[in-house]
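Welcome! Let us walk through this structure together, one stop at a time.

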Amino acid sequence: MLYLYVMSDYIVSARKYRPDSFETLIGQDNIAQTLKNSIIRGKLAHAYLFCGPRGVGKTTTARIFAKAINCSNPSEDMEPCGKCESCVSFQEGRSYCIHELDAASNNGVEDIKNLMDQVQIPPQVGKYSVYIIDEVHMLSTAAFNAFLKTLEEPPAHAIFILATTEKHKILPTILSRCQTYDFNRISIPDMVFNLRNIANKENVKIDDESLHVIAQKADGAMRDALTIFDQTVAFCGSDIKYEDVIRNLNVLDYDYSFDLVDDFLAGDYGKALLTFDDILSKGFNALHFCSALSSHLRDLMVARNGGLDALLELPESLKKRYVEQASRCSLKFLYDALGVTTACETGYKTAINPRLHIEFALMKLSFLMKAPGMADQGGNDAKAESGPSAPLRDRTENSPSAPLRDRLVSGAEPRTRKKPAKTGSALSLNAIMEEEENKKKKEEVTPQEVSDKLPDDEVIRNAWKAIPEEFKAMNQIRLANTLQNAEIEIEASEGMKTVTFKVSNEAQRKWIQENRLLSLEGNLQKKTGSSKIRLEVGVIPMEEKEIQPYTDQEKATALMGQNGEIQNLVKDFGLETK
């Protein structure tokens, strides 16, 4: 069978919809405005450096800028007309005043020397000869040195525009002679907007979720987004469905992340493991799955705060799903879950069994809400222990015995059993944490009504003196002595009084800052009856610290300095201080 292939006029979207004016540039408005202003005011530099990631419009901007410089009839906004001889000749590839050089394949000294000879020739059309050198970082060191003198003092009619993705590889002597413009990555909303316009022009039907997937896959590069768009159209045709897009691009569906978080909230680690197995069976990379789960948890944390909507680069339909699921998650759960997933990502490459490493992380996530064995209180676990083999304590407490039932019916209160005292060997980690939490609660100050009136300095000082006594009563002698020996400084500014006390070293300051400063500030506000007090802690400078006597001779000398009678006694009897 003979197939005849007919040559078509098809042009890929990255070339067909390449911007040809400053107005059509995407995501680089500040750079476009700066370049237009330089043309309007006649302040053109002799060398420009455009740097940034791939596919963000560096070479495109250089071409538009070169056309605008030599355009005979620019618009009021300095856009090239596209109709004059200079613009037409450049579009047809026969321009004698705009030249392009690919430094990736012409990176030797001889190539630069040929360019330098060409620079001396004045332009045939237009005012300037513009030389666009793409991938300039590929030039050899010898080529850079040969280019340096001409770049520093070019002819009046020559303008150089250098473009690169790796600015750090360019010699500092070259950088210092160029105006540098850093191009940003294209934002997802800008890419989605541009892709939507192109889809309408091409009569392609596509939903917003699919466009967001393409934009995220492009990672800030508009050229990559257009290439992926063409690939998707080739796979799906003119009617593109979200399911076809994620299958073609091998992208993990959002539904997996939503389902997994629901499993974590329910404590169902078995279902979470089955979901992970399903993901692996479809050929997805396990590390990419873990990264996607971390991103999902991050978006849930953002969605919990209504003021952070701008950080969610998602379509509106997905934003609603994130807000709904985030409302069912506590902030502590999301914070702890994000800690588990990021730790899993960090240790994945060094894990001997990578699959078990991620499965263990999924189990930990499932146990964040409920501990193992306590998820089904009154359910399967309780039923399992309700038989004859259950402990006597459980059977006694769970079964409504006749004497207890009689007491409840008669209205008499049943006798409560006193909990046994905790011994050192029986203390669990939870008990220790509970004890520490109770101790902190005792130290916290009960909030009460305070006014907005500024207190007198004397009132603040008297209130501060009473605080160490409270810690002595709680048997926290070391902290009480630290606060008692600390002198306070009071400073009034902006309707507040800042009270600063200093401790002897940085370790003390850090501990008080992290564990006691807020409660101390609240206590001081309570005692003064004012909310206009801010408490700060500092460290005594070395020069202000009092030198303590160490040796016996130093102690004797210090004692003589404090007591004149001892000094006279040593002098009368001729004693030596050793």
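Two rings of Phe, Tyr or Trp count as an aromatic pair if their centres lie within 6.5 Å, with the six-membered ring used for Trp. By this rule, the model you see, which is a predicted one, holds ten aromatic pairs. A pair of aromatic rings is described by the distance of the centres and the angle of the planes.

Take F50 and Y181 as an example: their ring centres are 5.7 Å from each other and their planes meet at 85°. Planes over 60 degrees apart count as edge-to-face, so this pair is edge-to-face. Try finding the two partners along the chain: F50 belongs to strand 1, residues 47-51, while Y181 belongs to strand 5, residues 179-182. The pair therefore links distant parts of the chain, 131 residues apart. Are these two residues buried or exposed? F50 is buried, with a relative accessible area of 0%, and Y181 is buried too, at 11%. Both also take part in an aromatic cluster, which is formed by Y48, F50, F65, Y181 and F183.

Next, let us visit helix 6, which covers residues 141-152 and contains T150. T150 counts as buried because its relative accessibility is 14%, and buried means under 20%. Which residues does T150 touch, leaving aside those up to four places away in sequence? They are M116, V119 and F160.

Now for a stop at the surface. Y10 sits in the segment before helix 1, a helix that spans residues 13-16. Y10 is exposed because its relative accessible area is 56%, and the cut-off for exposed is over 50%. Together with I11 and V12, Y10 makes a nonpolar surface patch of about 290 Å².

Stepping back, you can take in the whole protein. It has 27 helices and eight strands, and of its 578 residues, 37% are buried. The protein exposes about 35400 Å², of which carbon and sulfur atoms supply 51%. Among contacts between residues at least 6 apart in sequence, 71% join residues at least 24 apart.

Finally, a word on confidence. The mean pLDDT of the protein is 79, and 81% of the residues reach 70 or more. Over residues 374-429, pLDDT stays under 50, and the model has 20 contacts beyond four places in sequence for this stretch. Residues 443-448 also have pLDDT below 50, with nine contacts in the model beyond near neighbours in sequence.

How values were computed:
Residues numbered from 1 in each chain as written. Predicted model: local features only at pLDDT ≥ 70, side-chain atom pairs only at ≥ 80, totals over all residues. Heavy atoms only, no water. Patch = residues over 30% accessible without salt bridge, like charges linked within 9 Å, V, L, I, M, F, W, Y side chains within 5 Å. Areas by Shrake-Rupley, 256 points an atom, 1.4 Å probe, with all protein chains shown as cover. Salt bridge = Lys/Arg side-chain N within 4 Å of Asp/Glu carboxyl O. Helix = DSSP H or I, 4+ residues; strand = E, 2+ residues; numbered from the N terminus. Buried < 20%, exposed > 50% of the residue type's maximum accessible area, 1.4 Å probe, protein only. pLDDT = per-residue confidence, 0-100. Contact = heavy atoms within 4.5 Å. Phe/Tyr/Trp six-rings, centres within 6.5 Å; stacked < 30°, edge-to-face > 60°.
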